[in-house]
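Student: Got a minute to go through this model with me? Let's have it up on screen.

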Amino acid sequence: GRRACCGCMLLARLSAALQQQRARLIARSLSASAPEARERLREAQRALASHAQARPEEPGPEDCCNSGCEFCVWTVHLEAVSEWDQTLDELRATVEAAREAEAGGCGPPEGGD
């Protein structure tokens, strides 16, 4: 059989990890009590901060063989960054939804008119 290149294997591992993270966040985005909503907001904020720091590293010049591979490390990197960006957007939306749920579960803000 055909041997997978290092870039393909890296992309597969990244994709699987990101899909698991998304599934966990979606499962936790169900409606909750006010204390649960606050905890979900904190969890979503931590996940966002963690993911934002985990941007895929750019390959070094020595990582590309310059032979025109079908799955060049640069192509794999761009796909990984695209998926990372998509997950970052989804996490931002999760944080916003958690903020809204937390605000809705706690009643109107104090001191408001």
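Student: Start with the surface. How much area does the protein chain expose, and what share comes from carbon and sulfur atoms?
Tutor: This is a predicted model, so read it as one. The protein chain exposes about 8000 Å². Carbon and sulfur atoms supply 53% of that.

Student: And how much of the chain is buried?
Tutor: Buried residues make up 27% of the 113 residues.

Student: Which elements does the chain have, helices or strands?
Tutor: There are 3 helices and 0 strands. From the N terminus the order is α-α-α.

Student: Switching to the inside. Which residues form the largest nonpolar core?
Tutor: It has 9 residues: Leu41, Ala44, Ala47, Leu48, Trp84, Leu88, Leu91, Val95 and Ala98. Both α2 (34-52) and α3 (73-106) supply at least two of them. The largest share, 5 residues, comes from α3.

Student: What does Leu41 touch, beyond its neighbours within four places in sequence?
Tutor: Leu41 is in contact with Val95, Ala98, Arg99 and Glu102.

Student: Now α2. Which of its residues are buried?
Tutor: Ala34, Ala37, Leu41, Ala44, Ala47, Leu48 and His51.

Student: Where do they sit around the helix axis?
Tutor: Looking down the axis of α2, the buried residues fall within an arc of 135°, so they line one face of the helix.

Student: How far apart are the end C-alpha atoms of α2?
Tutor: They are 27 Å apart. At 1.5 Å a residue, its 19 residues should span 27 Å, so the two agree.

Student: Last one. Of contacts with a separation of 6 or more, what share joins residues 24 or more positions apart?
Tutor: For the protein chain, 77%.

Technical notes: Residues are numbered from 1 along each chain as its sequence is written. This is a predicted model: local features need pLDDT of at least 70, side-chain atom pairs count only at pLDDT 80 or more; totals for chains, interfaces and linings use all residues. Side-chain values use heavy atoms; hydrogens and water are left out. A nonpolar core is a set of buried Ala, Val, Leu, Ile, Met, Phe, Trp, Tyr and Cys residues joined through side-chain atoms within 4.5 Å. Buried means under 20% relative accessible area, exposed over 50%, partly exposed in between (1.4 Å probe, protein chains only). Helices (H or I, at least four residues) and strands (E, at least two) are DSSP runs, numbered from the N terminus. Contact means heavy atoms within 4.5 Å. The expected span of a helix is 1.5 Å times one less than its number of residues. The arc is that of the directions from the helix axis to the C-beta atoms. Accessible areas come from the Shrake-Rupley method with a 1.4 Å probe; for residues, only the protein chains shown count as cover.
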